[in-house]
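Dear colleague,

I am handing over a structure for you to look at, and my notes on what I found in it follow below. Please read them with the model open beside you.

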Amino acid sequence: MTISILSAPIKRVAVLVALLLGCVGASAGQLMITEASRLSFDIDTRGERIVLSILDQLWLLPASGGVAEPVTPEGLHLRNPRLSPDGRSVVAEGGWDHERQNMWQISLVDREVQRLTRGAWRDHSASWHPDGQRLLFVSDRGGSDDIWELDLSSGTARRDRKSVV
């Protein structure tokens with residue numbers, strides 16, 4: 001099966017993705033990308049969709065094959081995407097040109113972009129809580145890397161004192 005990622009508005013991205021049986025299943029499979037830079041990805045909990053970050057741009061594609069859709073707006077550079085447990089949004093780290101690295105959420109339903117953290121620190125390595133209402137992430141906002149928990153409904157972040165980086 002072949003999946004093509006079409007050119008981005010500014011950067012011409014020509015990437016061929018071939019998915020063979022078992023890529024998201026239990027049997028042996030292969031994901032082959034012929035050319036990519038700064039690649040990271042996540043697969044939704046049902047194994048239906050894949051979100052890729054290539055050259056700090058996010059792309060959404062069906063795991064069964066097809067054409068990838070761009071997710072990030074022009075100028076927003078995101079990497080290390082994580083799909084929400086319900087598959088309706090993606091969280092990633094990054095920022096606008098020459099900006100410190102913060103956490104961002106993009107709705108996969110209407111492509112609404114929401115900045116989750118803001119500051120002169122580096123927030124990265126997000127992981128969803130199974131309830132989909134909280135995120136764990138690593139931040140140097142306290143002077144050194146620690147694990148923080150972000151409550152998405154209130155926007156409040158607190159250091160997770162139970163975990164060690």
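**Arg118 and its surroundings**

Arg118 is placed in the loop between β12 (113-115) and β13. Please keep in mind throughout that this is a predicted model. Arg118 is exposed, because its relative accessible area is 60%, which is over the 50% that the term requires. Although 15 residues separate Arg118 from Met103 in sequence, the two are 7.9 Å apart in space, taken from C-alpha to C-alpha.

**Confidence and overall make-up**

The protein chain has a mean pLDDT of 79, with 74% of its residues reaching 70 or more. Over residues 1-30, however, the pLDDT is below 50, and this stretch nevertheless has 71 contacts in the model beyond near neighbours in sequence. As for secondary structure, the protein chain contains 16 strands and zero helices. Of the 165 residues in the protein chain, 41% are buried, and the accessible surface comes to about 8900 Å², with 51% of that belonging to carbon and sulfur atoms. If one takes the contacts between residues at least 6 apart in sequence, 27% of them join residues at least 24 apart.

**Two nonpolar cores**

Which residues make up the largest nonpolar core? There are twelve of them, namely Val51, Leu58, Leu60, Val71, Leu76, Leu78, Leu83, Val90, Ala92, Trp104, Ile106 and Leu108. Two or more residues of this core are given by each of β6 (57-62), β9 (76-83), β10 (89-96) and β11 (102-107), and the largest share, three residues, comes from β9. Leaving aside residues up to four places away in sequence, Ala92 touches Leu58, Leu78, Arg79, Asn80, Pro81, Asn102, Met103 and Trp104. Apart from this core lies another, of ten residues, which includes Leu116, Phe137, Trp148 and Leu150. As general background, nonpolar side chains in soluble globular proteins tend to be buried together.

**Consecutive hairpins**

Strand β13 (residues 123-128) pairs with strand β14 (residues 134-139) in the antiparallel sense over four bridges, and within this pairing Trp128 has Leu135 of β14 as its bridge partner. The two strands form a hairpin with five residues between them, and Gly132 in the turn has a positive phi of about 75°.

On the other pairing, β14 meets strand β15 (residues 146-151), again in the antiparallel sense, over six bridges, with Leu136 standing opposite Glu149 in β15. β14 and β15 likewise form a hairpin, here with six residues between them, and the positive phi in this turn, about 105°, belongs to Gly143.

**Positive phi outside glycine**

Where does Asp56 lie? Asp56 is found in the loop between β5 (49-54) and β6, and its phi is near 65°, a positive value in a residue other than glycine. Asp56 counts as buried because its relative accessible area is 10%, and the cut-off for that term is under 20%.

Arg111 also has a phi near 65°, a positive value in a residue other than glycine, and its place is in the loop between β11 and β12. Arg111 is partly exposed, because its relative accessible area is 25%, a value that falls between the cut-offs of 20% and 50%.

With best wishes

Methods
Residues numbered from 1 in each chain as written. Predicted model: local features only at pLDDT ≥ 70, side-chain atom pairs only at ≥ 80, totals over all residues. Heavy atoms only, no water. Pairing = 2+ DSSP bridges. pLDDT = per-residue confidence, 0-100. Contact = heavy atoms within 4.5 Å. Buried < 20%, exposed > 50% of the residue type's maximum accessible area, 1.4 Å probe, protein only. Areas by Shrake-Rupley, 256 points an atom, 1.4 Å probe, with all protein chains shown as cover. Core = buried A, V, L, I, M, F, W, Y, C linked by side-chain atoms within 4.5 Å.
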